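The following exercises ask the reader to work from a sequence and a three-dimensional model. Please inspect both before turning to the solutions.

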Amino acid sequence: MGRAMLLVCVPWLGLLVVGVAAAALLIWLSGARWQVGRLGLLHRDQTGAVQSLSFVLTLPLFILVLLFIIQVSQLMIAAAVVQYAAFAAARAAIVWIPANLGSEKANCFSTLCTIDRTAPDTVEPVWDLESPAFGPRNGGLTYVVQPGSPKYQKIWSAAVLACMPICPSSANLVTIGGRAGNTGPSLPGNGPHVADLLEQAYRAMVPNTQSAVSSRIRNKLAYALANTQIEVRFFHPNSEVPLQDYSVYARPRPNPNQPFKPREVLDDRGEPLGFRAPSDPTIGTMELGWRDPITVTVYHQFALLPGPGRFLSRPNPKVPTDTVDQRITLQGGVYKYPLWASATLGNEGEKSVIPYWESY
């Protein structure tokens with residue numbers, strides 16, 4: 001994760017160096033000179049002062065460059081936070097997916113998982129258990145988890161909480177559906193309960209905090225909820241059996257008068273073979289492999305400062321390769337710049353799904 005943060009921050013660090021150099025150039029052009037010894041005399045000076053023409057002409061440009069430096073610094077911090085949010089969401093995934101959460105069993109999602117056949121290393125496995133070609137092979141399939149399940153909500157909540165520090169705390173900048181209430185933005189679902197828990201934790205660490213912290217926490221949480229999305233996908237390699245139900249291959253019972261009931265198929269070692277897979281693709285209950293790599297991508301709409309946001313959103317015809325203005329969107333009076341990051345961690349389920357003999 002540290003290397004990923006460094007790679008993301010390198011371009012913004014270059015822009016920060018350019019901004020500092022531009023500010024130094026403007027100061028030099030205005031005729032000002034850095035004299036440390038005269039700072040004390042300036043503090044004790046009681047006489048009047050005049051504004052030179054060069055200072056008046058360069059002050060607006062200097063303020064613009066200064067705001068640009070602040071904005072680039074915030075973008076570098078936001079890029080690092082989104083990288084951490086992806087790691088936090090991936091860690092939440094490997095914690096909650098192997099657990100039993102309500103109606104969702106271990107290593108299962110109650111929503112549909114679609115196959116992304118455009119993903120790298122995609123090789124269609126042999127699904128037929130009775131086929132001579134059934135067995136380990138290279139490649140695998142990438143599954144995309146559809147939102148809506150309780151485990152998906154847990155993973156999304158981890159990303160939302162991680163992105164809260166870079167969200168604006170002003171009620172004027174926080175909107176849900178384009179509008180905010182008179183007493184601040186309304187929090188959906190269990191958002192008010194989460195905000196109360198965060199406020200209690202904050203006041204426990206800072207007992208002498210001001211009363212305004214409650215509204216600031218709610219504003220940050222509301223913005224994070226409305227501007228943070230995730231994508232959860234996992235890769236199931238063909239070195240393991242495909243993700244499907246193998247009960248259809250179970251042999252009938254010895255008594256022909258007894259109706260056939262699908263039951264779990266056992267492999268050569270007497271261990272369960274197969275997964276909980278939906279017979280109808282419109283319903284859920286999709287089971288993952290116990291050590292499939294899970295990738296979580298976090299998308300966050302970062303709120304820019306009003307001045308730099310308006311400046312950066314203007315297209316520059318002299319620089320056709322500049323795509324920054326194309327990414328910035330204006331929503332509810334807030335200029336937003338998209339940031340995203342991905343993290344991959346291995347699933348740690350309990351059920352072994354390797355039906356093949358292994359030798360060491």
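The exercises below proceed from the whole chain to the sheet, the helices and single residues.

The model is predicted: local features need pLDDT of at least 70, side-chain atom pairs count only at pLDDT 80 or more, and totals for chains, interfaces and linings use all residues. Residues are numbered from 1 along each chain as its sequence is written, and side-chain values use heavy atoms, with hydrogens and water left out.

**Exercise 1. The chain as a whole**

Task: State how many helices and strands the protein chain has, and what percentage of its residues is buried.

Solution. Step 1: Helices (H or I, at least four residues) and strands (E, at least two) are DSSP runs, numbered from the N terminus. On this basis the protein chain has eight helices and 10 strands.

Step 2: Buried means under 20% relative accessible area, exposed over 50%, and partly exposed in between, with a 1.4 Å probe and protein chains only. Of the 360 residues in the protein chain, 38% are buried.

Step 3: Contact means heavy atoms within 4.5 Å. Among contacts in the protein chain with a separation of 6 or more, 79% join residues 24 or more positions apart.

**Exercise 2. The sheet**

Task: Determine the order of the strands in the six-stranded open sheet and identify its edge strands.

Solution. Step 1: Two strands pair if DSSP finds at least two bridges between them. The order is β2-β3-β4-β8-β10-β9, with antiparallel pairing.

Step 2: β2 and β9 (329-331) each pair on one side only, and are the edge strands. From one strand to the next the twist averages 35°.

Step 3: At one edge, β2 pairs with β3 over three bridges in the antiparallel sense, and Cys113 stands opposite Val145 in β3. Antiparallel pairing of β3 with β4 extends over six bridges; here Val145 has Val232 of β4 as its bridge partner.

Step 4: At the other edge, three bridges join β9 to the antiparallel strand β10 (residues 334-346). Gln331 stands opposite Val334 in β10.

Step 5: In β3, six of the six residues are buried, so this strand is largely enclosed by the rest of the structure.

**Exercise 3. Helices on the sheet and against each other**

Task: Establish which strands α4 lies across, which strands α6 touches, and at what angle α5 and α6 cross.

Solution. Step 1: Axes are lines fitted to C-alpha atoms, for helices over the stretch in contact, and angles run from 0 to 180 degrees between N-to-C directions. Helix α4 (residues 150-163) lies across β3, β4 (228-237) and β8 (293-303), and runs at about 130° to β4. Helix α6 packs on the sheet and touches β4, β8, β9 and β10, its direction making about 120° with that of β8.

Step 2: The axes of α5 (residues 191-205) and α6 (residues 213-227) come within 10 Å and cross at roughly 130°. This angle makes α5 oblique to α6, given that angles under 35 degrees count as roughly parallel, over 145 as roughly antiparallel, 65 to 115 as roughly perpendicular and the rest as oblique.

Step 3: The residues in contact include Leu198 and Tyr202 of α5, and Ile217 and Leu221 of α6. By class, the contact of α5 with α6 has eight nonpolar, two polar and four charged residues. Ala, Val, Leu, Ile, Met, Phe, Trp, Tyr, Cys and Pro count as nonpolar, Asp, Glu, Lys and Arg as charged, and the others, Gly among them, as polar.

**Exercise 4. Individual residues**

Task: Decide whether Asn107 is buried or exposed, do likewise for Asp121, and then place Asp116 and Val72 in their surroundings.

Solution. Step 1: Asn107 is in the loop between α3 (53-96) and β1 (108-109). Although not a glycine, Asn107 has a positive phi of about 65°. Its relative accessible area of 2% makes Asn107 buried.

Step 2: Asp121 lies in the loop between β2 (113-115) and β3 (140-145). Phi of Asp121, a residue other than glycine, is positive and near 60°. With 58% relative accessibility, Asp121 is exposed.

Step 3: Asp116 is also found in the loop between β2 and β3, but is buried at a relative accessible area of 17%. Not counting residues up to four places away in sequence, Asp116 touches Thr122, Thr142, Val144 and Arg233.

Step 4: Val72 belongs to helix α3 and is buried, at 2% relative accessibility. Val72 and Leu16 are 56 residues apart in sequence, while their C-alpha atoms are 6.1 Å apart in space.
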